[in-house]
Amino acid sequence: MKFKTFAAFVGPSVFMMFLFIALPLVSVFSQSFQNTYDLREQVEVETCTPGFLTQTCTTELKNVPQLDADGKPIKITEWTGLQSYRNVLQMDKVWAAIGDGRPGDILQIDFWKALRFTLVFTLVTLPLVIGVGLLIALTVNNAMRSLRGPVIFISLLPFIITPVIGSLSIYWLFVGDGILTAMMERWSGQNISMFAQAWTIELLMYFYRVWHVAPFAFVIFYAGLQSVNMDTLESAVIDGANRWERLRHVIIPHLMPLIVFIALIHLMDCYRVFDEIIGFRSQAHVISLQWLTVDLLTPDDAGNRAISRASASAMLTMIGIVVLLVPLLRRTWRDHKGGSH
Amino acid sequence: MLKNLVLAGAVSLMGSTAFAACSYENETEIKMLSAGFEAWKAVTDAMAECGNLQAELDQEFRTKQPAAFEANPSLYHIGGVSNGTITPLMNAGTIRPLDDLVEKYGQNLKPNQLIRIDGQIMAVAMMVNTQHLMYREDVLSDLGIDVPTTWDEVLAASAKIEEAGVVDHALGATLKSGWNLAQDFNNMYVGFGGDFFNDDNTTAVNGDAGMKALETIKASMEYMDPEVLVSDSTYVQQQFQQGKIAMANLWASRASAMNDEAESQVVGKVKMAAAPTAMDGGVPATTLWWDGIVIAKNISDEEADAAFRLAMEGMDSEMVTANNDAAIWLVEGYAPTDLAAGAIATATANPAPPAYPSTSQMGLLHTVLGNEIPAFLTGERDAAATLTAIEEGYTTAAKEAGVLQ
């Protein structure tokens with residue numbers, strides 16, 4: 001392809017990526033090293049608030065932002081270096097916990113608690129999504145031709161549902177008096193509270209994520225299965241390979257690039273787990289890195305937001321994704337180079 | 001969200017109907033953003049009768065309002081606020097003093113309704129809200145239990161109810177991790193006589209009152225649904241309506257839902273008493289709130305005039321008579337019923353509970369409380385370590401916000 005044609009095709013998308021990905025990233029990166037706050041002063045304020053019958057007036061010292069000539073708060077921006085990262089990571093507490101011989105205490109710090117869950121969630125669901133997706137693809141591929149359409153449609157449904165709605169429906173099924181909990185309670189004769197402890201919530205989250213994402217893996221694998229070389233399969237049959245050996249030595253190597261692709265997408269998606277935390281209302285027991293960032297960004301009733309800490313947390317999340325992706329990217333790169341020789 | 005949209009849609013539709021109940025016709029386009037509960041619906045409906053009102057009733061108002069009012073011209077003319085949510089507007093200077101407007105249109109206002117900050121009227125309150133003890137009268141009288149007035153009595157009564165097994169759980173509470181849980185802690189904390197801050201803006205929660213508050217909440221959890229850490233006001237309200245719980249310290253604005261025959265199975269059985277005290281001679285373990293309106297600064301004086309006049313029309317005694325049970329109204333013409341008995345007893349108790357502090361520090365502390373207390377309630381960490389974590393979390397946040405040096 002001529003360079004000019006190439007540039008004309010790729011240019012707009014490079015521009016968009018620069019505008020919507022690179023620039024915000026730079027801005028977040030720089031914000032994580034600075035802190036902006038209102039210049040404040042202590043003033044004595046008399047506030048009168050209603051009781052039911054009479055009004056009570058109290059005079060108190062209030063810490064209020066100073067306004068400039070236009071009536072806008074005076075903002076001060078300071079470079080704070082790594083302070084925001086220190087506030088998020090709280091390494092002093094981490095070392096103290098290790099020094100005291102109680103490494104479990106590390107998980108009481110929000111960031112590490114969130115990192116623990118995010119990593120376990122990502123790494124546990126990855127093989128399950130690939131395995132279940134492959135299983136459905138093989139089943140559908142071997143199903144009667146007339147059944148394939150309906151089966152594909154039904155197995156795709158979970159992927160179509162909006163994640164928040166999906167997690168909410170799981171929540172309503174399994175919450176204290178949900179339909180499924182009520183059925184399980186009747187069957188077991190015990191009081192079941194799935195949302196009262198962390199491990200059952202996590203189990204439900206794994207289940208939900210696999211249920212939700214496996215159809216995506218299935219569609220990709222199913223497409224891949226259509227291109228398996230029939231000659232190789234037939235010779236494998238003639239050589240006496242059983243079903244499992246054919247899968248292991250013919251089909252999976254053929255699907256390998258697709259498996260790497262699914263793994264890449266899944267790792268990126270899963271590391272940003274957020275919907276489940278909101279849908280399952282699990283903040284008391286389980287939080288994720290993405291949730292932590294959003295929580296820091298959400299203004300409280302007084303309008304305060306921890307923007308610099310949120311930026312630091314977002315940068316750390318991104319670094320985590322890159323670290324997870326490196327082995328897969330290296331593999332893809334090697335294959336790519338190997339293939340071109 | 002959908003409900004809010006429908007509500008907003010319904011309200012804006014009403015703008016086009018006849019101006020029957022309104023004393024004048026409003027000709028200026030007025031926009032309003034407020035919370036989405038029953039009392040606001042009553043007020044905005046009454047305002048819409050004068051025409052040209054676009055009201056948005058949205059529970060996410062607290063995150064939208066500061067930025068919307070900062071725009072020039074402001075995206076809304078009228079804002080519905082409470083003592084908790086007026087702070088960012090005051091801090092940014094985006095609402096205007098109302099003294100001249102009150103003089104012009106506020107003849108029907110009671111002095112009690114005027115929120116004065118530093119001598120100027122900055123908001124006009126329409127209702128008060130507080131937590132009060134809601135209890136199943138039939139359950140308590142069947143078991144021969146007196147209405148509890150202290151948290152010790154609440155726990156003792158809960159033990160008896162639990163033993164009798166007449167309901168699923170003796171107690172309900174709004175312990176959903178985050179804002180709700182933090183507010184329940186605040187209630188208990190003021191009940192034990194705690195002050196939130198020292199004079200130098202550092203927090204004082206890491207002390208005796210904080211410890212007792214945490215322990216009382218934990219003790220009460222024994223009589224609650226094991227999943228109580230996901231339970232917000234609506235959840236508790238529904239537990240009551242379905243007869244699953246016998247007592248709860250819940251918002252006064254939820255009381256009328258108990259007698260809503262369309263959704264409640266316990267109509268007439270739930271009674272209200274003052275919020276229990278946490279210690280002898282102490283205040284009821286709750287904070288006082290008010291809800292009311294503010295007018296944006298970044299609009300023309302004519303618009304502000306029209307907006308305020310319209311708001312007064314929405315908060316008049318005619319509206320209150322038609323919606324008597326929707327709130328504990330401060331407006332002339334309100335006739336308290338049994339539903340309000342608990343909240344009024346709470347608000348007029350001697351000593352009276354404090355108003356929720358509307359300061360930047362309280363916002364910071366509230367967030368930290370909501371994030372740190374769950375680890376204690378789930379048993380991951382002890383009370384002392386939790387209070388230390390709250391103190392450290394607040395210090396970090398306060399330094400970032402420029403409140404502490």
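This passage looks at how chains A and B meet, and then at one helix pair inside chain B. The model is a predicted one.

Start with the interface between the two chains. On the chain B side, 62 residues are in contact with 56 residues of chain A. Putting the chains together buries about 4700 Å², and carbon and sulfur atoms account for 50% of that area. Looking just at what chain B buries against chain A, N112(B), E227(B) and E400(B) chip in 15%, more than any other three residues.

Charged pairs turn up here too: the count between chain B and chain A comes to four salt bridges. One of them links K93(A) to E392(B), with the closest N and O atoms 2.8 Å apart. On the chain B side, the partner E392(B) in this salt bridge belongs to helix α15, which covers residues 383-400 of chain B.

That same stretch brings us to the helix pair. Within chain B, α15(B) pairs up with helix α9, residues 208-221. The two axes come within 10 Å and cross at roughly 120°. Angles of 65 to 115 degrees would count as roughly perpendicular and those over 145 as roughly antiparallel, so α9(B) and α15(B) end up oblique to each other. As for handedness, α9(B) passes α15(B) in a right-handed crossing.

The residues behind this crossing are easy to list. From α9(B) come G210(B), M211(B) and L214(B), and they meet A383(B), A384(B), T386(B) and L387(B) of α15(B). Sorted by character, the residues of this contact split into five nonpolar and two polar, with no charged ones.

Terms used:
Residues are numbered from 1 along each chain as its sequence is written. Chains are lettered from A and ligands numbered from 1 in the order in which they are written. This is a predicted model: local features need pLDDT of at least 70, side-chain atom pairs count only at pLDDT 80 or more; totals for chains, interfaces and linings use all residues. Side-chain values use heavy atoms; hydrogens and water are left out. Axes are lines fitted to C-alpha atoms, for helices over the stretch in contact, and angles run from 0 to 180 degrees between N-to-C directions. Helices (H or I, at least four residues) and strands (E, at least two) are DSSP runs, numbered from the N terminus. Angles under 35 degrees count as roughly parallel, over 145 as roughly antiparallel, 65 to 115 as roughly perpendicular and the rest as oblique. A crossing is left-handed if the near helix is turned anticlockwise from the far one by less than a right angle, and right-handed if clockwise. Contact means heavy atoms within 4.5 Å. Ala, Val, Leu, Ile, Met, Phe, Trp, Tyr, Cys and Pro count as nonpolar, Asp, Glu, Lys and Arg as charged, and the others, Gly among them, as polar. Buried area is the accessible area (1.4 Å probe) that two parts lose on being put together, summed over both. A salt bridge is a side-chain nitrogen of Lys or Arg within 4 Å of a carboxyl oxygen of Asp or Glu.
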